[in-house]
Amino acid sequence: MEMQTAGTNKRADIAARAIEIIDQNKSAEGPLLPILHGLQEEFGYVPPETLPLVANALNLSRAEVHGVFTFYHDYRSHPAGRHVLRICRAEACQSMGGDALAERAVELLGIDWSETSADGAVTLEPVYCLGLCACAPAAMLDGEMIGRLDDEQLQEIATEVRL
Ligand code: FES
């Protein structure tokens, strides 16, 4: 019973904070992306239960909001792991062996794209150009850019994130 109350309170807190973020941004021009961005910044992901609140506030259908949310790879629907590894899947990185490295990352971490490992250690996300094409293949670990990623570095990362 107590656990249920805690869960209900948490949901109410998320909704209250989400409404504040929506209110702060809804009069901006093109408010949907800034709102989604604000929600992700606040919670580390965009709680799915906040999407209907966004739709209501902006007079959009839930399907429209959901469509935009899923179109952008930057938004998460679940909390991320303690570490986030993003690997560039765009053309310049692909042409420098990025595809093989991406497959290797999936294999080493034992998770698929946009998944978080069961121990909560790491989330693996695709990204489409990090602006580091000159140093392809590129990746980003916890916000830090990595250029000329190779198999050895990937192995180190896979070990480090689990320490
Ligand atoms: S294509 Fe990968 S960093 Fe630009």
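Helices and strands here are DSSP runs, numbered from the N terminus: at least four residues for a helix, at least two for a strand. On that basis, the protein chain has 6 helices and 5 strands. One caveat up front: this is a predicted model.

Let me start with the overall layout. From the N terminus, the elements run α-α-α-α-β-α-β-β-β-β-α. The C-alpha trace spans about 45 × 45 × 25 Å along its principal axes. The domain assignment gives two pieces: domain 1 covers 2–71, and domain 2 covers 83–162. Their centres, taken over C-alpha atoms, are 29 Å apart.

Some totals. The chain has 163 residues, and 37% of them count as buried. The exposed area is about 9,500 Å², with carbon and sulfur atoms supplying 52% of that. Now take contacts between residues at least 6 apart in sequence. Of these, 60% join residues at least 24 apart.

Next, two helices and their buried faces. Helix H3 is residues 51–58, and its buried residues are Leu51, Val54, Ala55 and Leu58. Seen down the axis, those residues fall within an arc of 100 degrees, so they line one face of H3. The general rule behind that spacing: an α-helix has 3.6 residues a turn, so residues three or four places apart point the same way. Just after H3 comes asparagine 59, with a positive phi of about 60 degrees.

Helix H6, residues 151–160, is the other case. Leu154, Ile157 and Ala158 are its buried residues. They cover an arc of only 100 degrees around the axis, which puts them on the same side of H6. What covers them? The cover includes strand E1 (83–88), helix H5 (91–109), strand E4 (139–141) and strand E5 (144–146).

Now the backbone. Most residues other than glycine have a negative phi, and most peptide bonds are trans. Here are some exceptions. The peptide bond from alanine 136 to proline 137 is cis, with omega near -5 degrees. Proline 137 sits in the loop between strand E3 (122–127) and E4.

Aspartate 142 is not a glycine, yet its phi is positive, near 50 degrees. Its place is the loop between E4 and E5. Is aspartate 142 buried, partly exposed or exposed? Its relative accessibility is 43%, so it counts as partly exposed. Arginine 148 also has a positive phi, about 45 degrees, without being a glycine. Look for arginine 148 in the loop between E5 and H6.

On to charges. How many salt bridges are there? The count comes to 10. I will take three pairs.

Pair one is arginine 17 with glutamate 20, where the closest N and O atoms are 2.6 Å apart. Both are in helix H1 (residues 2–25), and being 3 residues apart they are separated by about one helical turn. Arginine 17 is partly exposed at 25% relative accessibility. Glutamate 20 is partly exposed too, at 42%.

Pair two is arginine 86 with aspartate 74, closest N and O atoms 3.0 Å apart. This pair links distant parts of the chain, 12 residues apart: arginine 86 is in strand E1, and aspartate 74 is in the loop between H4 and E1. Arginine 86 is buried, with a relative accessible area of 16%. The cut-off for buried is under 20%, so arginine 86 falls below it. Aspartate 74 is partly exposed, at 43%.

Pair three is arginine 104 with glutamate 107, at 2.9 Å from N to O. Both lie in helix H5, 3 residues apart, about one turn of the helix. Arginine 104 is partly exposed, with a relative accessible area of 21%. Glutamate 107 counts as exposed, at 55%. There is also a network: salt bridges that share partners join Asp74, Arg76, Arg86 and Glu125.

Last item: the surface. Leu33, Phe71 and Tyr72 make a nonpolar patch of about 300 Å². Tyrosine 72 belongs to the loop between helix H4 (62–71) and E1. At 35% relative accessibility, tyrosine 72 counts as partly exposed.

To close, back to the layout: two assigned domains, with 6 helices and 5 strands in the chain.

Definitions and conventions:
Residues are numbered from 1 along each chain as its sequence is written. This is a predicted model: local features need pLDDT of at least 70, side-chain atom pairs count only at pLDDT 80 or more; totals for chains, interfaces and linings use all residues. Side-chain values use heavy atoms; hydrogens and water are left out. Domain bounds come from an automatic or database domain assignment. Buried means under 20% relative accessible area, exposed over 50%, partly exposed in between (1.4 Å probe, protein chains only). The arc is that of the directions from the helix axis to the C-beta atoms. Contact means heavy atoms within 4.5 Å. Patches are made of residues with over 30% relative accessible area and no salt bridge: like charges are joined within 9 Å, nonpolar side chains (Val, Leu, Ile, Met, Phe, Trp, Tyr) within 5 Å. Accessible areas come from the Shrake-Rupley method with a 1.4 Å probe; for residues, only the protein chains shown count as cover. A salt bridge is a side-chain nitrogen of Lys or Arg within 4 Å of a carboxyl oxygen of Asp or Glu.
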